[in-house]
Amino acid sequence: MIALGIDIGGSGIKGALVDTVRGEMVTDRFRIPTPRPATPKAVIVAVKKIKKHFNYKGPLGIGFPGIVIDGVTLSAVNIHQDWENYEGEKAIAKATGCETVLRNDADVAGFAEMRYGAGRDATGETMIFTLGTGIGSTMFVKGQCVPNLEMGHLYLPRHKVDAEQYTSDRTRSELNLTWKEWGLRLNEYFNHIEFLFSPQRIIIGGGVSKKAEKFLKYIKVRADIVPAELRNEAGIIGAAAAAEVGDYTL
Ligand code: BGC
């Protein structure tokens with residue numbers, strides 16, 4: 001099946017048509033810079049433009065950078081606060097005329113990795129992290145997603161900030177950290193995560209995962225830690241796959 005997947009990010013809103021059987025994009029990515037301010041109204045205009053670009057009719061899957069329960073967006077850290085307690089799924093379905101599935105961005109990216117990528121053969125507890133403007137996180141246990149995990153907002157008392165302010169890719173570039181400096185921050189973070197959750201596999205996604213050889217070597221954990229295979233496309237591919245299946249059951 002072909003479905004349109006859209007990833008709403010802190011800097012860009014990206015979409016592509018996806019073959020949900022193969023887990024591959026069948027078109028180039030179409031990207032619109034995230035409007036400022038990124039209010040629901042402005043973001044929905046961008047979503048409509050993407051739909052129009054592909055001249056698309058059919059199920060629409062969307063990854064959103066915040067908590068989403070039953071189609072309602074409940075948090076908005078890297079996006080406008082009007083998204084808090086907003087019936088996002090219904091509003092997008094109404095504006096586009098498409099049957100819409102709206103889920104957390106890390107949950108759909110993780111779903112794509114589990115279905116088609118680095119988690120395909122995973123049998124035990126698997127956690128997926130996306131390192132970007134924020135830190136997205138999700139967990140799969142026996143094929144089931146544990147949604148809206150929000151491990152990017154784990155408070156690190158020693159540093160007096162949320163993990164995302166200490167270890168996101170945005171922080172790496174804003175503070176101009178070397179790969180080693182950043183890798184050691186990630187090491188501290190993932191050791192804490194491992195102590196709390198004991199995952200058997202940790203998959204690292206987000207755009208920076210294509211440079212995994214530069215920082216993964218500094219992360220010393222018991223779990224098998226690997227880069228995402230779908231890289232930055234996981235969000236789009238997973239959103240389209242979620243539109244196809246309607247939930248995260250593998
Ligand atoms: C949000 C998460 C999101 C992540 C990546 C965090 O700030 O709270 O919901 O998955 O950023 O976009």
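Biologist: Which domains does the shell around the ligand draw its residues from?
Modeller: In this predicted model, the shell around the ligand takes at least three residues from domain 1 (2-108 + 233-245) and at least three from domain 2 (120-229).

Biologist: And which residues are around the ligand?
Modeller: Going along the chain, they are P65, G66, V77, N78, N104 and D105, followed by G134, I135, G136, E150, H153 and E164.

Biologist: How does that shell split by class?
Modeller: Six of the residues in the shell around the ligand are polar, while three are nonpolar and three are charged.

Biologist: What lies 2.8 Å from an oxygen atom of the ligand?
Modeller: A polar side-chain atom of H153 is 2.8 Å from a ligand oxygen, and an N or O atom in the side chain of E164 is also placed 2.8 Å from an oxygen atom of the ligand. For N104, a polar side-chain atom lies 3.0 Å from a ligand oxygen.

Biologist: How much of the ligand's accessible area does the protein cover?
Modeller: On its own the ligand has 310 Å² of accessible area, and the protein covers 94% of that.

Biologist: Which pocket is that space?
Modeller: The space that the ligand takes is the largest pocket.

Biologist: Switching to the domains, how far apart are their C-alpha centres?
Modeller: The C-alpha centres of domain 1 and domain 2 are 23 Å apart, and the contact between these domains involves twelve residues from domain 1 and 15 residues from domain 2.

How values were computed. Residues are numbered from 1 along each chain as its sequence is written. This is a predicted model: local features need pLDDT of at least 70, side-chain atom pairs count only at pLDDT 80 or more; totals for chains, interfaces and linings use all residues. Side-chain values use heavy atoms; hydrogens and water are left out. A residue is near a molecule or strand if one of its heavy atoms lies within 4 Å of it. A polar contact is a pair of N or O atoms within 3.5 Å; within protein, one must be able to donate a hydrogen and the other to accept it, and residues adjacent in sequence count only if both atoms are side-chain atoms. Accessible areas come from the Shrake-Rupley method with a 1.4 Å probe; for residues, only the protein chains shown count as cover. On a 1 Å grid over the protein atoms alone, a cavity is a set of points where a 1.4 Å probe fits but cannot get out, and a pocket is an open set with protein on both sides within 12 Å along at least five of seven lines; lining residues have an atom within 4 Å of a point. A molecule sits in a cavity or pocket if more than half of its atoms lie within 2 Å of its grid points. Ala, Val, Leu, Ile, Met, Phe, Trp, Tyr, Cys and Pro count as nonpolar, Asp, Glu, Lys and Arg as charged, and the others, Gly among them, as polar. Domain bounds come from an automatic or database domain assignment. Contact means heavy atoms within 4.5 Å.
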